[in-house]
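User: I've got this model open on my screen and I'd like a close look at one part of it. Could you walk me through how the two helices pack against each other, and then the strand that comes before them?

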Amino acid sequence: MSTLRFKTTINCGGCIKAVTPSLNQQVGANNWEVDTANPDKILTVKNTQVAPAEIVKAVEEAGFEIQALAS
């Protein structure tokens, strides 16, 4: 299983609530988490079936900025 990491602007519980439907649909409810304590607000996705571009699209459509990080 691969792990993808992204720097985001998802910075609070309300933001997580806003992006949850999109990410749950793309990668599944138990396959992602956001570390809001990290200054870079790191989104970690554990799913090998979804292309990074699809994750970026889901987060951007929810209204947040996202940038892939090197593995």
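Analyst: Here is the helix pair, followed by the strand and its partners. Keep in mind that this is a predicted model.

Start with helix α1, residues 13-27, and helix α2, residues 52-61. Their axes come within 8 Å of each other and cross at roughly 160 degrees. An angle over 145 degrees counts as roughly antiparallel, and α1 and α2 are therefore roughly antiparallel to each other. As for handedness, α1 passes α2 in a right-handed crossing. On the α1 side, the contact is made by Val19, Ser22, Leu23, Gln26 and Val27. Facing them from α2 are Glu54, Ile55, Ala58 and Val59. Sort those residues by class and you get six nonpolar, two polar and one charged.

Now for strand β1, which covers residues 3-8. In a regular strand the side chains alternate between the two faces of the sheet. That alternation shows up in β1: Leu4, Phe6 and Thr8 point to one face and are buried. Thr3, Arg5 and Lys7 point to the other face and are not buried.

β1 also has two pairing partners to look at. With strand β3, residues 42-46, β1 pairs in the antiparallel sense over five bridges; there, Arg5 has Thr44 as its bridge partner. With strand β4, residues 66-68, the pairing is again antiparallel, over three bridges. In that pairing, Lys7 is bridged to Gln67 of β4. So if you click on Arg5 and Lys7, you have two residues that point to the face that isn't buried, with Thr44 in β3 as the bridge partner of Arg5 and Gln67 in β4 as that of Lys7.

Technical notes
Residues numbered from 1 in each chain as written. Predicted model: local features only at pLDDT ≥ 70, side-chain atom pairs only at ≥ 80, totals over all residues. Heavy atoms only, no water. Axes fitted to C-alpha atoms, helices over the stretch in contact; angles between N-to-C directions. Helix = DSSP H or I, 4+ residues; strand = E, 2+ residues; numbered from the N terminus. Parallel < 35°, antiparallel > 145°, perpendicular 65-115°, else oblique. Left-handed = near helix turned anticlockwise from the far one by under 90°. Contact = heavy atoms within 4.5 Å. Nonpolar A, V, L, I, M, F, W, Y, C, P; charged D, E, K, R; others polar. Buried < 20%, exposed > 50% of the residue type's maximum accessible area, 1.4 Å probe, protein only. Pairing = 2+ DSSP bridges.
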